[in-house]
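Reader: I'm new to this one. Could you walk me through it, one question at a time?

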Amino acid sequence: MDSLFFTFIVFSLGFNYVLMHKNYEKQFISLLNNTISRLHKPLSINKVSIFAEFLQLINVDEKHGTFTLSIAIETSYCLPELSWNPEEVFGGIEKFFVEPEYVWQPDIIVLNTVYVKYYPIQNFVVFSSGIVLQKSPLTLTATCKANVENFPYDEQLCTIEISQYISTIDNYQLTWNDSLHGSRLEMGMNSYRGSHEEWMLLTPIPARVSMRNGSFENKSHSTMIFTISIQRLPHFYIQILIIPAMLTMSLAILNGLLPVESGEKVGLAISTFLAHTLNLLVVGEIIPFSGETRPRLFIVFNVILFYMALSVVKAIFVSIIYLGRYDRLPPHVFVRLLRCRAIQVLFQLPYLSDAPIVITMNSSADGEENNLETKIEHLVHDIKNRDYYQNYWRVLAIFIDRVTTFFFTVEILLIIYLQVPKVNYLLV
């Protein structure tokens with residue numbers, strides 16, 4: 001019996017509190033109707049505070065120069081006519097939630113948007129100090145001038161420009177609310193949900209307030225610019241683009257170490273060239289391009305392709321020299337170069353004799369020089385001399401192969417070092 005009575009007392013007090021609160025809300029709405037109009041700005045308002053809360057990064061499209069995100073724009077202004085003392089009126093209530101139809105709303109837009117999706121406007125909060133506060137969540141696609149030169153280690157700076165639409169600075173100015181969000185002008189990150197699969201959010205950059213001239217009577221509008229700094233996560237692109245390209249380039253370099261006499265240099269060079277060409281088809285689909293910049297990585301891939309094409313030409317040229325048939329020595333300059341001991345040691349070339357085989361013909365006792373034995377001796381010495389000449393040409397082919405491999409490799413590694421951004425990231 002006592003518990004039922006206690007429950008009845010609690011229910012009665014709660015119901016009475018709700019009725020009193022509803023009554024206070026009606027009184028406050030009546031005060032609003034008599035004080036301000038939702039269609040006309042109150043004269044006492046000369047500034048509107050703006051704050052942007054970053055919620056989620058949805059997408060970044062470098063090719064079209066846009067990024068999509070969700071934010072909440074908070075507007076607040078002070079209206080002294082609506083202030084009250086909670087200890088004297090409204091039963092100690094310090095704030096009321098008011099529907100948008102009863103409160104004036106500043107004409108705030110995001111300038112650099114391509115598409116905006118607005119959500120239902122939440123109720124305004126009116127505090128006893130006379131401050132009117134409201135948050136509007138929205139999903140927008142804004143323009144962002146992408147710089148993909150350092151892809152896939154690039155960082156992008158994207159801005160959100162919140163400005164007056166019709167009103168000018170003569171009506172009110174956009175300011176920062178120091179009392180609610182501190183003195184540091186930056187986009188709020190407390191409500192940021194999770195991380196993007198490709199982009200990482202960096203430290204917020206301080207916002208700035210600027211003025212722009214309108215198209216009507218050259219009036220000035222105040223604009224608050226918030227900047228978002230994001231960095232691409234490169235690990236996916238390292239595995240799908242950079243590592244395959246480095247492997248095919250390594251095969252092209254190792255092709256220079258393959259002996260010419262193996263007969264496989266041309267086949268391996270063509271295979272690596274085709275493999276890298278197929279990899280470029282994937283690169284063309286993945287690497288982003290913007291209107292003004294091109295990734296330096298794409299330049300590196302083209303340099304590697306050019307190197308592999310030269311490797312194919314070099315392999316064919318060296319094979320032709322090595323497998324050819326010759327009845328004379330190479331040009332005198334190459335002969336002296338190949339006989340240099342330092343060159344032989346440096347490039348691991350076979351030792352070459354200084355003079356060809358001297359052919360001596362012995363006359364027979366009856367003075368006949370064209371007998372069968374003499375012809376056989378001529379043939380043997382001719383074969384030996386041809387082998388002597390052939391040996392020089394083969395060593396020359398090996399020398400050309402190793403020298404071009406060395407210089408081509410040094411050149412391409414230098415280009416890669418100068419062009420690829422943050423090469424040390426490849427070791428991560």
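Reader: Let's start with helix α3: how far apart are its end C-alpha atoms?

Author: Keep in mind that this is a predicted model. Helix α3 covers residues 235–255, which makes 21 residues. At 1.5 Å a residue the helix should span 30 Å, and the distance between its end C-alpha atoms agrees with that, at 29 Å.

Reader: Where does α3 bend?

Author: Look for the proline in this helix, proline 244. It follows within four residues of the spot where α3 bends by about 35°. That spot is isoleucine 242.

Reader: And is isoleucine 242 buried or exposed?

Author: α3 has a whole list of residues with under 20% relative accessible area, including Tyr237, Leu241, Ala245 and Met249. Isoleucine 242, the residue at the bend, is on that list as well. So by that cut-off, under 20%, the word for Ile242 is buried.

Reader: On to the strands. How many bridges join β1 to β2?

Author: Strand β1 takes in residues 47–61, and β2 takes in 66–78. The two run antiparallel, and their hairpin has four residues between the strands. One bridge pairs phenylalanine 54 with isoleucine 71 in β2. The number of bridges joining β1 to β2 is eleven.

Reader: Which glycine in that hairpin takes a positive phi?

Author: We're still with β1 and β2 and the four residues between them. The phi there is near 65°. The glycine that takes it is glycine 65.

Reader: Which strand pairs with β2 over 13 bridges?

Author: Try following phenylalanine 67, which stands opposite alanine 142. The pairing is in the antiparallel sense. Alanine 142 belongs to the partner strand, β7.

Reader: Why is β2 described as largely enclosed by the rest of the structure?

Author: β2 has 13 residues, and what counts here is how many of them are buried. The strand is called largely enclosed because the number of buried residues is twelve.

Reader: What about leucine 79: how far is it from asparagine 46 in space?

Author: Leucine 79 sits in the loop between β2 and β3, and at 0% relative accessibility it counts as buried. In sequence, leucine 79 and asparagine 46 are 33 residues apart. In space, C-alpha to C-alpha, the distance is 9.9 Å.

Reader: Which glycine sits in the turn between β6 and β7?

Author: β6, residues 124–127, is joined by four bridges to β3, with phenylalanine 97 opposite valine 125. β6 is also joined to β7 by two bridges, antiparallel again, and there valine 126 stands opposite valine 132. The β6 and β7 hairpin has three residues between its strands, and the residue in the turn with a positive phi of about 95° is glycine 130.

Reader: Now the cysteines. Which cysteine does a disulfide join to cysteine 144?

Author: The count comes to one disulfide, with the sulfur atoms 2.0 Å apart. Cysteine 144 lies in the loop between β7 and β8 and its partner in strand β8, so the pair ties together parts that are 14 residues apart in sequence. With -75° about the S-S bond, the link is left-handed. The partner is cysteine 158.

Reader: And cysteine 78: buried, partly exposed or exposed?

Author: Cysteine 144 and cysteine 158 are both buried. Cysteine 78 has a relative accessible area of 39%, which falls between the cut-offs of 20% and 50%. That makes cysteine 78 partly exposed.

Reader: Let's do rings. What is the angle between the planes of tryptophan 104 and tyrosine 172?

Author: The structure holds eight aromatic pairs, and this one is edge-to-face with 5.8 Å centre to centre. The pair links distant parts of the chain, 68 residues apart. Tryptophan 104 is buried at 6% relative accessible area, and tyrosine 172 is buried at 0%. The angle between their planes is 85°.

Reader: Which tyrosine joins Trp104 and Tyr172 in a cluster?

Author: Ring pairs are what link the members of this cluster. Besides Trp104 and Tyr172, the cluster holds Tyr77.

Reader: Last one: which residue lies over the face of tyrosine 322?

Author: The distance to go by is 5.5 Å from the ring centre. The residue lying over that face is arginine 394.

Notes. Residues numbered from 1 in each chain as written. Predicted model: local features only at pLDDT ≥ 70, side-chain atom pairs only at ≥ 80, totals over all residues. Heavy atoms only, no water. Disulfide = S-S within 2.5 Å. Buried < 20%, exposed > 50% of the residue type's maximum accessible area, 1.4 Å probe, protein only. Phe/Tyr/Trp six-rings, centres within 6.5 Å; stacked < 30°, edge-to-face > 60°. Lys NZ or Arg CZ within 6 Å of the ring centre and 35° of its normal. Expected span 1.5 Å × (residues − 1). Bend = angle between axes of the 7 residues up to and from the residue. Pairing = 2+ DSSP bridges.
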